[in-house]
Amino acid sequence: MTMNNQIQHKDSTKVPEPTLRRLPWYLSNVKLLKQKGERYVSSTQISKEINIDASQIAKDLSYVNISGRTRVGYEVDALIAVLEDFLGFTNMHKAFLFGVGSLGGALLRDSGLSHFGLEIVAAFDVNPTLVGTMLNGIPIFHSDDFQEKMKEYGVHIGVLTVPIEIAQCITDTMVAGGIKAVWNFTPFRIRVPEDIVVQNTSLYAHLAVMFNRLNFNETE
């Protein structure tokens, strides 16, 4: 089987979101095993490392259409290549960031995002002390310049890190300007047309779950 054939996956099959969330865990684990000198890895081996049932791992990996060898497992290099391609990490996706506050600034400083296929090429804010400056080599423009910069950069992804009270307004502006996917870091559930992709990543919501579980465990 050639590498090109391995990387092809079942385009007609919609991958369940829980599977998409788990696949990066497998990728990170396999990369660690490669650093340790492993050439092959089995679903059982991955299962022991990340405490997910081996049958679930095998089912998840069936979506990427890579075959393992009986009693040997998957070739590490091939599995890494297939997963990175399947998850979109090998292609660079350009993005605009909206709202250069503490969280937005941290994302601009995070050069590691590029290793996962996301390149924030410009940011937008209304703060006069930020507009016209650069952070980690990324230019910060005034929000009013968004439409003009869309023509210049032609990005499809918007990273939303604005205050909650303007989250919907900025989202509407992004969509009207041609943004096709929004990575929403605000705790506000934005409304978008059906053809727009939204990924909600609310740090505060995850904090609430963690605190609740911590409190539950302490009172048991």
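On one side of helix 6, Ser 102 and Arg 109 are exposed, where exposed means over 50% relative accessible area, buried means under 20% and partly exposed lies in between, for a 1.4 Å probe and protein chains only. On the other side of this helix, Gly 104, Gly 105, Leu 107 and Leu 108 are buried. Seen down the axis of helix 6, these buried residues fall within an arc of 160°, so they line one face of the helix; the arc is that of the directions from the helix axis to the C-beta atoms. An α-helix has 3.6 residues a turn, so residues three or four places apart point the same way.

The model is predicted, so local features need pLDDT of at least 70 and side-chain atom pairs count only at pLDDT 80 or more, while totals for chains, interfaces and linings use all residues. Residues are numbered from 1 along each chain as its sequence is written, and side-chain values use heavy atoms, with hydrogens and water left out.

The buried residues of helix 6 pack against five strands, listed in the table with their residue ranges. Helices (H or I, at least four residues) and strands (E, at least two) are DSSP runs, numbered from the N terminus, and contact means heavy atoms within 4.5 Å.

| Strand packed against by helix 6 | Residues |
|---|---|
| Strand 3 | residues 93-98 |
| Strand 4 | residues 118-125 |
| Strand 5 | residues 134-135 |
| Strand 6 | residues 138-142 |
| Strand 7 | residues 157-160 |

Between helix 6 and strand 4 runs a loop that holds His 115, and this residue is exposed, with a relative accessible area of 60%.

Elsewhere, the axes of helix 2 (residues 17-35) and helix 4 (residues 54-61) come within 10 Å and cross at roughly 105°; the two helices are therefore roughly perpendicular to each other, a term that covers angles of 65 to 115 degrees. In this contact, Thr 19, Arg 22, Leu 23 and Tyr 26 of helix 2 meet Gln 56, Ile 57, Asp 60 and Leu 61 of helix 4.

The largest nonpolar core has 24 residues, and among those that touch the most other members are Leu 23, Tyr 26, Leu 61 and Leu 79; such a core is a set of buried Ala, Val, Leu, Ile, Met, Phe, Trp, Tyr and Cys residues joined through side-chain atoms within 4.5 Å. Helix 2, helix 4 and helix 5 (76-86) each give two or more residues to this core, and the largest share, seven residues, comes from helix 5.

Definitions and conventions
Axes fitted to C-alpha atoms, helices over the stretch in contact; angles between N-to-C directions. Parallel < 35°, antiparallel > 145°, perpendicular 65-115°, else oblique.
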